[in-house]
Amino acid sequence: MTTQTMGRTQQFLEEVERYSAHNYHPLPVVLVRGEGSWVWDVEGRRYLDCLSAYSALNQGHRHPRIVHAARDQLDRLTLTSRAFHNDRMGPFLRLLCETTGFEKALPMNTGAEAVETAIKMVRKWGYQVKGVPDGKAEIIVCENNFHGRTTTIVGFSSEAQYREGFGPFTPGFVLIPYGDAEALEAAITEHTVGFLVEPLQGEGGVVVPPEGFLQRAREICTHHGVAFMADEIQTGLGRTGRMFCCDWEDVRPDVLIVGKALGGGVYPVSAALADAEYMDVFRPGDHGSTFGGNPLGAAVGEASLQVILDEGLAERSAELGAWFMDRLRAIDSPHVEEVRGRGLMIGVVVKESSGTARPFCEALQERGILAKETHHQVIRFAPPLNIAREDLEWALEHIEAVLTA
Ligand SMILES: *Cc1c(COP(=O)(O)O)cnc(C)c1O
């Protein structure tokens, strides 16, 4: 790298340092273009994207069908608000419902909004259908969870930094250890309306629950009349090698929350799905979003989902992920404690004695691989699901070099 080209990156970093809130700690790379699994920086260097924007890019960068759908819609109609109907929301929600097997969907934009939607839906269901006394509804959540960044959601986080300085918080949430079905059953009271869970914790460090946990939790929820709410914003849409991570244990949640890859990396699209018993608690005026269900988002969402189905990306994730994880486990590294995950959602856990995951991510960046640490000790590998096997082969050489250095 010449001093002059270094200067270009530096200039962008300084601008962001000067004008942006400091709520992130990004790797020092400034990207200008993306295609499929690859991105290019301002210096013209190429990188393999092994983060996929936290699984919002399961279909890869600028998938032609998704970009085409967006472009087409940009030339027709972009926003109506829900004060009027548009001709794209219905077809999108129909495909989403048919794909997931739920009767109804409520479209939002970001993941956190879809989680908030699910919380409101299940609370109101608790009062109206289950008969919980007003103001008493409880929702059980798991330690080490990540469901977004609103004040209500961070209020039930077990991560001190997510909460500190942001209270007071919304009451009505109860924490249990992740993966502990007995603790779930013990925490249920007559006021419990829902159990909100990630079927595999992403931001928490790619934590796979004990086998049978989801099924056992499903049985417990059914037995006690508690809504099982699966946050599949990161794990869903093929990421873990099934369409939804709950499919690994043949579990059907009562409320399914999707986001991220539903927008194909082009536009924020999220939704909460449920059958009419839950969804019908919403009356006009109860809930909404100016942009939720807008025609541009709906066109992008429909195309994004169709790509995952047509290209068999869940199957691809299962096959490539199993192979990739085996290869990662075969690396004889003094720094690695464990390799875990499902499909192409993989975490390489760095031993505490080897420091944090961050320097490994920086070393990978120098070799042209973009991965990001999560929870200090974990290097997450979550490339686009349509990544070429040769590209993963190439990445493995560099990952091995970095992990054995
Ligand atoms: C990313 C994520 C969210 C929040 O989504 P945003 O679009 O960032 O609001 C919620 N739950 C899970 C499991 C996520 O991974």
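This is a short tour of the two domains, the contact between them and some salt bridges.

**Stop 1: the two domains**

The model is predicted. Start by colouring it by domain. Select 46-62 plus 312-404 for domain 1, and 64-310 for domain 2, as the domain assignment gives them. Note that domain 1 is written as two segments. The C-alpha centres of the two domains lie 26 Å apart. Now show the residues in contact: 30 come from domain 1 and 33 from domain 2.

**Stop 2: the domain contact**

Turn on a surface for each domain. About 2500 Å² is buried between domain 1 and domain 2. Carbon and sulfur atoms give 55% of that area. Which residues of domain 1 lose the most area to domain 2? Select Gln-59, Arg-342 and Met-345. Together these three make up 31% of what the domain 1 side buries.

**Stop 3: polar links across the contact**

Hide the surface and show side chains. How many salt bridges does the rule find across the interface of domain 1 and domain 2? The count there is 1. Next, select Arg-380 and Glu-203. These two residues form a salt bridge, with the closest N and O atoms 2.8 Å apart. Arg-380 falls in the 312-404 segment of domain 1, and Glu-203 falls within domain 2. Polar contacts add to the picture: 22 residue pairs are found across the interface, both residues being at pLDDT 80 or more.

Stay on the domain 1 side and switch to cartoon. Select α2 (52-55), α12 (313-329), β11 (336-342), β12 (345-350) and β15 (378-381). Each supplies at least two residues that touch domain 2. Helix α12 gives the most, with 4 residues. Colour this side by residue type. It divides into 14 nonpolar, 12 polar and 4 charged residues.

**Stop 4: a network around Arg-358**

Move to helix α13, residues 358-366. Select Arg-358 and Glu-362. Their side chains meet in a salt bridge at 3.0 Å, N to O. The two residues are 4 apart in α13, so about one helical turn separates them. Is Arg-358 buried or exposed? Arg-358 counts as buried, because its relative accessibility is 11% and the cut-off for buried is under 20%. Glu-362 is partly exposed, at 33%.

Add Glu-373 to the selection. Glu-373 also forms a salt bridge with Arg-358, at 3.4 Å, N to O. Glu-373 lies in strand β14 (residues 372-374) and Arg-358 in helix α13, so this pair ties together parts 15 residues apart in sequence. Glu-373 counts as buried too, at 16% relative accessibility. Finally, add Lys-372. Salt bridges with shared partners join Arg-358, Glu-362, Lys-372 and Glu-373 into one network.

**Stop 5: a pair in a loop**

Jump to the loop between α3 (64-74) and α4 (89-100). Select Asp-87 and Arg-76. They form a salt bridge, with the closest N and O atoms 3.4 Å apart. Both residues lie in this loop, so the pair ties together parts that are 11 residues apart in sequence. Asp-87 is partly exposed, with a relative accessible area of 45%.

**Last view**

Zoom out and show every salt bridge. The count comes to 18. Among them are Asp-87 with Arg-76, Arg-358 with Glu-362 and Arg-380 with Glu-203.

Terms used:
Residues are numbered from 1 along each chain as its sequence is written. This is a predicted model: local features need pLDDT of at least 70, side-chain atom pairs count only at pLDDT 80 or more; totals for chains, interfaces and linings use all residues. Side-chain values use heavy atoms; hydrogens and water are left out. A salt bridge is a side-chain nitrogen of Lys or Arg within 4 Å of a carboxyl oxygen of Asp or Glu. Buried means under 20% relative accessible area, exposed over 50%, partly exposed in between (1.4 Å probe, protein chains only). Domain bounds come from an automatic or database domain assignment. Contact means heavy atoms within 4.5 Å. Buried area is the accessible area (1.4 Å probe) that two parts lose on being put together, summed over both. A polar contact is a pair of N or O atoms within 3.5 Å; within protein, one must be able to donate a hydrogen and the other to accept it, and residues adjacent in sequence count only if both atoms are side-chain atoms. Ala, Val, Leu, Ile, Met, Phe, Trp, Tyr, Cys and Pro count as nonpolar, Asp, Glu, Lys and Arg as charged, and the others, Gly among them, as polar.
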